[in-house]
Amino acid sequence: MRGLIVLTLFTTLLSTACSRESATAATPVAAATLPADVRDLAKKTDTRPTRPPTGEAPVLHETRPAPIAATGELISPMRSQVAPKQPGRVAAVFVREGARVRAGQPLAAFETDYLRLDLQRAEAELARAKAMENDATRELDRKRELVTSESISRATFDRAQTAYESAVAARQAANAVVATIRQRIDDAILRAPFDGAVESRSVNVGERLGDAPAFVIAQTSPLKLRFHLPEQYLGSVRKGQQVTATSDAYGATSFTGRITMIGGVIDPATRTLMAEADVNNSDGRLRPGMFARVNIKQ
């Protein structure tokens, strides 16, 4: 019995010793044996990877490509040289260079005194032609009743029919003359073909003008932003993509637009291709010919 008790105590002591040895092995030796003044240095030079806290995923920082930078120029998409349809003497000029105009707005007017006299004469001829047509219409109606009752010959009715048709043709011709003169009077006023600005004016009151241009009108909204795109970014741009532009005239203020054209030919000298974007300019702050810096997000 005493031998069994001794064996049990020995087994217990052996298990306790093994547990202490395992705990000692799991504890870093260096932390226990290093002096206190070099323990901080050992921690700084520890290159073992640090694990994130339990339940948290490592943070991945996404790198976005830098925006494409280019330089360009604002240009007018339309320019029109406004010239008179017929020669004449200038009676009035309504706009100056640089003025903003709307579509249909009068720019200048030519003298129409003789045209208005011609219009009065043509309107009188039209009134007489209408009277002759009415008389021929009544005569034809009477002859139609008489030829039905065989009171007149068919030849007499045919002459009345011919007179009516001639009266109708005369009225139509007189009406065409009146319409032509009225159109010439309306054409004596030069009008803006679209919304824009007067780029140049080459006419003054009293001058006789032929078919030479009197004004040059440039469209100002929207404007086209034309720029050169390096060929390595050809795969990163597409039609409809948004662009941002800035100008020295307005500092950090930016203007946005959409790409409308990507050139199909690369310049072998500069390794660039032409691209265009439409930029809204409803407030009129931008001007054709302005320099602009272009940024395109990839």
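Which residues does F227 touch, not counting residues up to four places away in sequence? Keep that in mind while we look around. One caution: this is a predicted model.

Here is the answer. F227 touches A70, T71 and G72. F227 also touches L273, M274, A275, E276 and A277. V294 and I296 complete the list.

Now the setting. F227 belongs to the largest nonpolar core, which has 21 residues. F227 is among the residues with the most contacts inside that core, along with L74, L225, L229, L286, V294 and I296. Which elements give two or more residues to this core? They are strand 1 (68-75), strand 10 (223-230), strand 11 (242-246), strand 12 (254-262), strand 13 (272-279) and strand 14 (291-296). Apart from this core lies another, of 17 residues. V82, V90, L107 and V198 are among them.

Next, the barrel. In what order do the 6 strands close? The order is 1-10-13-12-11-14, and the pairing is antiparallel. From one strand to the next, the twist averages 40°. As background, strands of a sheet pair through backbone hydrogen bonds, either parallel or antiparallel.

Let's walk along part of that barrel. Strand 10 and strand 13 run antiparallel, joined by 8 bridges. One pair to find: K224, whose bridge partner in strand 13 is D278. Strand 13 is mostly covered, with 6 of its 8 residues buried. Then comes strand 12, joined to strand 13 by 5 bridges, again antiparallel. Look for I259, which stands opposite A277 in strand 13. And A277 is one of the residues that F227 touches. One more step. Strand 11 and strand 12 pair over 5 bridges, in the antiparallel sense. There, T246 stands opposite S254 in strand 12.

Now to helix 4, residues 113-148. How far apart are its end C-alpha atoms? They are 53 Å apart. At 1.5 Å a residue, its 36 residues should span 52 Å, so the two values agree.

Which residues of helix 4 are buried? Starting from the front: L115, L119, A122, L126 and A129. Then E133, A136, L140, K143 and V147. Look at the spacing of those numbers. An α-helix has 3.6 residues a turn, so residues three or four places apart point the same way. What covers the buried residues of helix 4 includes helix 5 (154-187). Just after helix 4, E150 takes a positive phi of about 60°.

To close, back to the start: F227 touches both V294 and I296, and these three are among the residues with the most contacts inside the largest nonpolar core.

Methods
Residues are numbered from 1 along each chain as its sequence is written. This is a predicted model: local features need pLDDT of at least 70, side-chain atom pairs count only at pLDDT 80 or more; totals for chains, interfaces and linings use all residues. Side-chain values use heavy atoms; hydrogens and water are left out. Helices (H or I, at least four residues) and strands (E, at least two) are DSSP runs, numbered from the N terminus. The expected span of a helix is 1.5 Å times one less than its number of residues. Buried means under 20% relative accessible area, exposed over 50%, partly exposed in between (1.4 Å probe, protein chains only). Contact means heavy atoms within 4.5 Å. A nonpolar core is a set of buried Ala, Val, Leu, Ile, Met, Phe, Trp, Tyr and Cys residues joined through side-chain atoms within 4.5 Å. Two strands pair if DSSP finds at least two bridges between them. Axes are lines fitted to C-alpha atoms, for helices over the stretch in contact, and angles run from 0 to 180 degrees between N-to-C directions.
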